[in-house]
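User: I am new to this structure and should be grateful for a close look at one part of it. Please explain how that part is built and what surrounds it.

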Amino acid sequence: MPEGWFTVKVQIDSGRCQGHGRCYDIDPEAFGDDAEGYGKVLGDGQVPAGHERATRLAAASCPERAITLAEEA
Ligand code: SF4
């Protein structure tokens with residue numbers, strides 16, 4: 001099924017995040033950092049249609065596997 005048929009939501013498990021910063025370096029539209037450099041999801045975590053590729057790359061690049069993507073049909 002092509003991209004855009006799903007709504008993708010992203011979450012960060014703050015218990016796993018070690019603040020490496022790869023997520024917000026790779027995809028600053030979906031991720032930001034808090035005052036201590038830990039990653040945080042921007043907005044409500046909903047990934048805009050057509051933007052999933054960058055968010056997936058950021059999630060795959062997290063060394064702590066702290067980022068999860070949930071697809072909703
Ligand atoms: S890449 Fe992973 S460990 Fe690093 S800030 Fe983002 S969520 Fe946290």
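Analyst:
**The sheet and its surroundings**

An open sheet is formed by three strands in the order β4-β1-β5, with antiparallel pairing. The edge positions belong to β4 (46-47) and β5 (67-72); each has a single partner strand, so one side of each is left without a neighbour in the sheet. The model is predicted: local features need pLDDT of at least 70, side-chain atom pairs count only at pLDDT 80 or more, and totals for chains, interfaces and linings use all residues. Residue numbers start from 1 along each chain, as its sequence is written. Strands (E, at least two residues) and helices (H or I, at least four) are DSSP runs numbered from the N terminus, and two strands pair if DSSP finds at least two bridges between them.

Strand β1, which covers residues 7-12, is joined to β5 by six bridges, and the two run antiparallel. Within this pairing, Lys9 of β1 faces Ala70 in β5, while Gln11 has Thr68 of β5 as its bridge partner. Towards β4, β1 pairs over two bridges, also in the antiparallel sense. On that side, Lys9 stands opposite Gln46. Lys9 is thus placed opposite Ala70 in β5 and opposite Gln46 in β4.

The two faces of β1 can be told apart. Val8, Val10 and Ile12 form its covered face, whereas Thr7, Lys9 and Gln11 form the uncovered one. In a regular strand, side chains alternate between the two faces of the sheet.

Gln11 deserves a separate description. This residue of strand β1 counts as partly exposed because it has 13 C-beta neighbours inside 10 Å (20 or more other C-beta atoms within 10 Å make a residue buried, 12 or fewer make it exposed, and anything in between is partly exposed, with C-beta atoms placed from the backbone). Apart from neighbours within four places in sequence, Gln11 is in contact with Val41, Gly45 and Thr68, contact being defined as C-beta atoms, placed from the backbone, within 7 Å. Its C-alpha atom is 8.2 Å from that of Ala70, although 59 residues separate the two along the chain.

Returning to the pairing of β1 with β5, which rests on six bridges, one may next consider the helix that covers the sheet. Helix α2 (residues 52-61) packs on the sheet and touches β1, β4 and β5; its direction makes about 145 degrees with that of β5. For this angle, axes are lines fitted to C-alpha atoms, for helices over the stretch in contact, and angles between N-to-C directions run from 0 to 180 degrees.

Thr55, Ala58 and Ala59 are the buried residues of α2. Viewed down the helix axis, they fall within an arc of 100 degrees, so they line one face of α2; the arc is that of the directions from the axis to the C-beta atoms. Their packing partners are β1, α1 (22-26), β2 (31-33), β4 and β5. Arg53 and Ala60, on the other side of α2, are exposed. Leu57, also in α2, counts as partly exposed because 13 C-beta neighbours lie inside 10 Å. Between the C-alpha atoms of Leu57 and Leu69, which are twelve residues apart along the chain, the separation is 11 Å.

The loops beside these elements complete the view. Between α2 and β5, the loop contains Arg65. With 10 C-beta neighbours inside 10 Å, Arg65 counts as exposed, and its phi is near 50 degrees, a positive value in a residue other than glycine. The loop between β1 and α1 holds Gly15, which is exposed, with 7 other C-beta atoms within 10 Å. Gly15 and Ala66 lie 51 residues apart in sequence, and their C-alpha atoms are 8.0 Å apart in space.

Lys40 belongs to strand β3 (residues 39-41). With 14 C-beta neighbours inside 10 Å, Lys40 is classed as partly exposed. Leaving out neighbours within four places in sequence, its contacts are Ile12, Phe31, Gly32, Asp33 and Asp34. From Lys40 to Ile67, the C-alpha distance is 9.8 Å, across 27 residues of sequence.

Lastly, 14 residues surround the ligand, the closest being Cys17, His20, Cys23, Gly39 and Cys62; a residue is near a molecule or strand if its C-beta atom, placed from the backbone, lies within 6 Å of it. Seven residues of this shell are nonpolar, five are polar and two are charged. Here Ala, Val, Leu, Ile, Met, Phe, Trp, Tyr, Cys and Pro count as nonpolar, Asp, Glu, Lys and Arg as charged, and the others, Gly among them, as polar.

Terms used: Contact = placed C-beta atoms within 7 Å.
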